[in-house]
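Visitor: I'm new to this one and not sure where to look. Could you take me through it, a feature at a time?

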Amino acid sequence: MYPLKKGKFAAQAHVGLPEGTYEEEHGRKGFYGKTAHLYHTHPPTGWIRFEGKLRPHCFDLNNLAPSDLTDPCGSPVAFLGNDDVKLSVSRRAHPMPFYFRNADGDELLFVHRGEGVIETDFGPLRFERGDYVVLPRAVTYRIVPDTADNFFLIIQSKGEFEQPEKGLIGQHALYDPGVIVTPEPVPPADGPSPSGTREWEVRIKVDDEFSKVFYPFNPIDVIGWKGDLVVWKVNLRDIRPVMSHRAHLPPSAHSTFITPGAVVCSFVPRPLEQDPAALRVPFFHRNTDYDEFIFYHDGDFFSKDNIKAGMATLHPRGIHHGPHPKALANQSKKTATDEYAVMLDGLNPIHVLPAGEQCEWKDYWASWQEKK
Ligand SMILES: [Fe+2]
């Protein structure tokens with residue numbers, strides 16, 4: 001069926017909007033399902049006040065101080081979550097004196113800042129800024145940073161992190177799987193355990209409770225492995241985004257990982273649309289089926305005012321978001337984006353946890369108001 005049409009509308013989505021209109025994409029299933037484009041005479045983010053709990057959120061995660069920042073035995077702190085996914089920040093500054101195994105979920109660890117080694121059952125894996133490290137559920141690991149000022153965004157999911165189907169654009173689109181890095185097994189060195197004793201501790205998390213198992217030898221003693229359930233990583237710099245010079249593509253074109261209940265997308269620098277009639281900023285939308293989280297990693301976040309690296313936004317379903325007025329007005333002057341960000345769309349409502357509330361910029365909802 002082709003779309004029904006009434007009143008003033010653009011012949012194609014995101015191109016040649018009728019004069020004086022603001023286009024909203026009202027759609028289902030993220031950006032895959034049925035859609036209507038609504039041509040508003042005001043930006044749908046032009047609200048003046050809110051009542052009730054629903055509103056756009058912004059967090060300055062730079063202000064979080066997880067216990068692992070100062071205590072080698074400490075932990076990351078969770079700031080958002082639901083039954084499917086939990087988002088935490090780790091600022092681990094010291095080598096872990098124990099091994100860790102998360103039996104509650106698979107982990108996707110994004111390195112916002114820092115470098116070092118993750119020792120895993122599959123061998124040691126070096127990490128650096130911009131890495132996505134995939135740690136399947138119940139893999140044993142230990143983070144050994146080389147740097148003291150580290151910042152990891154950790155996404156825990158009840159299911160696996162898989163690569164999306166690339167369909168028509170082929171398996172080498174977004175990044176060639178040849179850039180994926182996996183660990184090499186290395187026999188453990190002789191000597192004391194990371195805690196300086198002859199006891200090796202494995203801390204296991206189940207139902208958010210920790211239990212400890214102790215060995216008289218290093219449990220990371222694997223000297224060979226085979227299979228398709230492995231620790232692996234890919235770096236943001238290796239992501240080569242698809243774009244269209246004639247039409248703004250939806251965020252789903254930038255999908256990097258699919259996990260039950262969530263999709264993770266990566267925004268990396270790209271040229272903006274060249275067609276003079278094409279929209280160059282994200283269209284307004286009201287997230288019908290997903291709550292949308294974005295972590296700002298690096299660059300100039302031009303569609304958003306007052307957003308700096310290390311901050312994050314959460315736009316819940318049912319309420320609009322879209323470009324800030326300045327970005328909308330200046331879109332014709334920009335020729336490229338210079339931003340690196342990690343987006344997570346959650347199928348079920350994502351809740352703000354106490355640590356999130358502590359670092360929330362409470363007036364973010366007012367940031368779309370035109371400065372008079
Ligand atoms: Fe969005």
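Guide: Let's begin on the inside: Glu 292 and His 321 are both buried. That word means under 20% relative accessible area, with exposed over 50% and partly exposed in between (1.4 Å probe, protein chains only). Keep in mind that this is a predicted model, where local features need pLDDT of at least 70 and side-chain atom pairs count only at pLDDT 80 or more, while totals for chains, interfaces and linings use all residues. Residues are numbered from 1 along each chain as its sequence is written, and side-chain values use heavy atoms, with hydrogens and water left out.

Visitor: Which residues coordinate the iron ion?

Guide: You look for donors, meaning N, O and S atoms within 2.8 Å of the metal (3.2 Å for Na, K and Ca); water is not among the atoms, so a site may look incomplete. Here the iron ion is held by NE2 of His 285, NE2 of His 321 and two OE atoms of Glu 292, at 2.1 to 2.6 Å. Along the sequence, these donor residues follow the spacing H-x6-E-x28-H. Glu 292 and His 321 link distant parts of the chain, 29 residues apart: Glu 292 is in strand β20 (residues 291-300), and His 321 is in the loop between β21 (311-315) and α1 (325-330). Those labels are DSSP runs numbered from the N terminus: helices are H or I with at least four residues, strands are E with at least two.

Visitor: How many cavities of 30 Å³ or more are there?

Guide: On a 1 Å grid over the protein atoms alone, a cavity is a set of points where a 1.4 Å probe fits but cannot get out; a pocket is an open set with protein on both sides within 12 Å along at least five of seven lines, and lining residues have an atom within 4 Å of a point. Points join across faces, edges and corners, and volume is the space filled by probe spheres set on them. By that rule there are four cavities of 30 Å³ or more. The largest cavity holds about 440 Å³. Its lining has 29 residues, with Phe 267, Pro 282, Ile 294, Ser 303 and Glu 339 nearest the centre. Strand β22 gives the most to that lining, four residues.

The second largest cavity holds about 110 Å³, and its lining includes His 285 and Glu 292, which you just met as iron donors.

Visitor: And what about the largest pocket: which residues are closest to its centre?

Guide: That pocket has a volume of about 490 Å³. Of its 17 lining residues, Pro 3, Leu 4, Thr 35, Ala 36 and His 37 are closest to the centre.

Visitor: What does a positive phi tell me to look at?

Guide: Most residues other than glycine have a negative phi. Lys 29 goes the other way, with phi near 55°. Lys 29 sits in the loop between β1 (22-27) and β2 (35-40) and counts as exposed because its relative accessibility is 58%. Ala 138, with a phi of about 70°, is in the loop between β10 (131-135) and β11; at 35% relative accessibility, Ala 138 is partly exposed.

Visitor: How many disulfides does a search find?

Guide: A disulfide is a pair of cysteine sulfur atoms within 2.5 Å, and the whole structure has zero. The cysteine sulfur nearest to that of Cys 58 belongs to Cys 359, 9.0 Å away, which is too far for a bond. Cys 58 is buried at 0% relative accessible area, and Cys 359 is buried at 5%.
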